[in-house]
Amino acid sequence: MSNTTQLLRFITAGSVDDGKSTLIGRLLHDSKSIFEDQFSAISKTSEKRGMAAVDLSLLTDGLQAEREQGITIDVAYRYFATPKRKFIIGDTPGHEQYTRNMVTAASTANLVVILIDARKGVLTQTRRHTYLASLVGVPHVVLAVNKMDMVDYSQARFDEIVAEYKAFAAQLNLHDVHCIPLSALNGDMVVDRGESLDWYKGPALLELLERIEIDHDVNTSDFRFPVQWVCRPQSEEHHDFRGFAGRIEAGEVSVGDEVTILPSGRTTKVKEIVTYDGNLQTAFAPQSVTITLADEIDISRGDMIVKTDHLPPKVEKGFDAMMCWLSESPLDKNRKYLVKHTTRTAKCLFSSIDYRVDVNTLEKHANPTVNMNDIVRVAIKVQQPLVFDSYEIDRATGSFIVIDEATNNTVAAGMIA
Amino acid sequence: MKLVEKNMSAHTLSHLDTLESESIHIMREVAAECKNPALLFSGGKDSIVMLRLAEKAFRPAKFPFPLVHIDTEHNFPEVIACRDKLAADLGERLIVRSLEDSIKRGSIVIKDESKPRNPFQSVTLLETIAEFGFDACMGGARRDEEKARAKERIFSFRDEFGQWDPKNQRPELWDTYNTRVHAGENIRVFPISNWTEMDIWQYIGREKLFIPSIYYAHEREVIRRGGNVIPVSHLVQPKPGEKVEVVSVRFRTVGDMTCTAPVESTASTVEEIIEETAATRITERGATRMDDQTSDASMELRKKEGYF
């Protein structure tokens, strides 16, 4: 593997019955990413449980509690690499009550693999997973029609499922959908193509994961730089140095560019782009850099630097958003919460809760109470102005979390409308 | 379908640059939001990578936190020497607290000197956290190391007993981290969660990092015990019937001399280690950590007790 391979994050959605863990096990096994000691551990467990063959799904079982109960209770991350790319898999459980886990894992993913059992076709949970992928704005969706061996590798069955799925997906905000017939159990179209699906001419799953284009998964046009930390060495050597450290969340910036500081609205020019490895002429998302400016302007953490001639973000004390409630305690409309958005945290309250989306039917229900796993449309008022974009334009500056000040728990994840 | 062809655009970050930027972002969040953070630094390869990432995050300023090492006093001398040298070269503050202090206080009772001391590190770590009032400790643990770590958040919340509750973790979305704790509680932060052993070696190579000599192949007196190659030291002596051999070995991980086994190797440069890492069929901890081989859930249990 060279130093210039790219990193792709993907998640898998589907239930144990769809063969999700077997699919991940197959990807790891056939791409030679399973180590001998891991393999011998799961062989022993398979034998103990009286299984005839090694159960590859055991590879993704992590904790003692899960192994005892044979369930997956949380998001687990797996790593593997091929000569072409490095991969991070967010493994999410497919159980009904785990919407929050899928939303969590999907929030950082470039791609979601949605698993279907070829015998069962498009189910309620397929719709749910697809809706959540579109809600969280996962850039690429792969529909993996698994267990093709159980339907005699029938092209007609595959076409039927794909037609039904595409009709459903067309109602949602998905930009890039791929459908692959496969058998995780037999290893057809996962890493190797196998011999049973000759009628399918598209890429096998791993080939797709290796080659799909992800450069434009971040917003490349409008420069957004939330200030994270102000670098003031106050040493003799760097007496007057005042740099603004952060990660470029979108777009690019060059030395000499005219920039606006928000929310103050003051303008200046980029003097230097400082990194440990030397100053840069141009930097782009998602690089972490330190920017110095031509004029002395009072800037602190939570401010955002944008390019003056780019599409301006909104600077307002409120917004509408879609939100996934993550906490066991229901939302209390009478309480104040904290919202953390980019590098700014502020008090907030919910001025209205418009509707809840039934993730199975996509129907909207008015005036809901908001419980764990609910997806709701809300209006939020914030104590101080936030600098934001709609989530559709920029995942980084359009997303926020809600924190309960009493428990310090993260209770909701939101996407600005 | 849009597919990547050979040439990546000018605005594509390599996987190492992507991981580096993510880690810098995490460290800066800790520095900006936590009142009194610390960086756990052992002199091992992962924590040496953490130091370089901290330099990238905060230079030209000093680190906005001290380095802290919990010393079992059973560490390899080469590692301790490297720890002191790197801290001095960087001009950063290093706080060392020893298990011996806890033993003197009576908070640790050692029954068998030949047994690994790593399990007791949590006691001294919690005492050190209390002594300095740290609200966040950054560590160099990685998710690819172990099953329990694969399920842990980057910002991992601990109660006042330092306990990790795997079933009650804060959801972690996007790169928006919840750093809030009540007085007395703290968080462990793992900026290199998403790095693998291979990434670490590629980064050591790219950044030309100085690491303890025992990571490179060297001749060492060892004995073979229970499938492991075990280094002979003042703490580990051959039992009757065991034969001392001199073998070319290197360490993939470093912990206590009593529980860290080297692998047989002749790789004497980073490039050769990368080649071996690419070809190896045994996991990093599986090959080298006797403390993880006691049960399938050893790491999970130690984490619940307040271990990293």
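# Chat about a predicted two-chain model

A: Before you ask anything: residues 1-8 of chain B have pLDDT under 50 throughout, and the model has 9 contacts for them beyond four places in sequence. pLDDT is the predictor's confidence in each residue, from 0 to 100, and two residues are in contact if their C-beta atoms, placed from the backbone, lie within 7 Å.

Q: What should I do about low pLDDT coordinates?

A: Where pLDDT is low, don't read the predicted coordinates in detail. This is a predicted model, where local features need pLDDT of at least 70 and side-chain atom pairs count only at pLDDT 80 or more, while totals for chains, interfaces and linings use all residues. Residues are numbered from 1 along each chain as its sequence is written, with chains lettered from A and ligands numbered from 1 in the order in which they are written.

Q: OK, what does chain B average for pLDDT?

A: The average is 87, and 89% of the residues in chain B score at least 70. For the complex, the predictor gives an ipTM of 0.91 and a pTM of 0.91.

Q: How many helices and strands in chain B?

A: Chain B has 9 helices and 10 strands. Those are DSSP runs numbered from the N terminus: helices are H or I with at least four residues, strands are E with at least two.

Q: And how much of chain B is buried?

A: 51% of its 308 residues. Buried takes 20 or more other C-beta atoms within 10 Å of the residue's own, exposed is 12 or fewer, and partly exposed is in between, with C-beta atoms placed from the backbone. Among contacts in chain B with a separation of 6 or more, 76% join residues 24 or more positions apart.

Q: Switching to the interface: how many residues come from each chain?

A: Chain B puts in 56 residues and chain A 60. On the chain B side, helices H1 (15-33), H2 (45-58) and H6 (197-207) each supply at least two residues. H1(B) has the largest share, with 10 residues.

Q: What's the chemistry on that side of chain B?

A: It splits into 22 nonpolar, 17 polar and 17 charged residues. Here Ala, Val, Leu, Ile, Met, Phe, Trp, Tyr, Cys and Pro count as nonpolar, Asp, Glu, Lys and Arg as charged, and the others, Gly among them, as polar.

Q: You mentioned H6(B). How does it sit against H7(B)?

A: The axes of H6(B) and H7(B) (residues 270-279) come within 9 Å and cross at roughly 165°. That makes H6(B) roughly antiparallel to H7(B). Axes are lines fitted to C-alpha atoms, for helices over the stretch in contact, and angles run from 0 to 180 degrees between N-to-C directions. Under 35 degrees is roughly parallel, over 145 roughly antiparallel, 65 to 115 roughly perpendicular, and the rest oblique.

Q: Which residues make the contact there?

A: From H6(B), they include Met198(B), Trp201(B) and Ile204(B), and from H7(B), Val270(B), Ile273(B) and Ile274(B) are among them. By class, that contact has 7 nonpolar, 3 polar and 2 charged residues.

Q: Now chain A. What's the angle between H4(A) and H5(A)?

A: About 40°, with the axes of H4(A) (residues 99-106) and H5(A) (residues 124-135) 10 Å apart. So H4(A) is oblique to H5(A). The contact uses Thr99(A), Met102(A), Val103(A) and Ala106(A) on H4(A), with His129(A), Leu132(A) and Ala133(A) on H5(A). There are 5 nonpolar, 2 polar and no charged residues.

Q: Is H1(A) mostly covered or mostly open?

A: Mostly covered: 9 of the 11 residues in H1(A) (20-30) are buried. Lys20(A) and Arg26(A) are among the buried ones. The buried residues pack against several elements of chain A, including strand E1 (6-13) and helix H7 (205-211).

Q: Where are the cis peptide bonds you'd flag?

A: One runs from Ala285(A) to Pro286(A), with omega near 0°, and another from Arg59(B) to Pro60(B), with omega near 15°. Pro286(A) is in the loop between strands E13 (282-284) and E14 (288-293) of chain A, while Pro60(B) lies in the loop between H2 and strand E2 (67-71) of chain B.

Q: And what's phi for Tyr153(A)?

A: Positive, about 55°, although Tyr153(A) is not a glycine. Most residues other than glycine have a negative phi. Tyr153(A) counts as buried because it has 22 C-beta neighbours inside 10 Å.

Q: What about Leu362(A)?

A: Leu362(A) has a positive phi too, near 65°. With 14 C-beta neighbours inside 10 Å, Leu362(A) counts as partly exposed.
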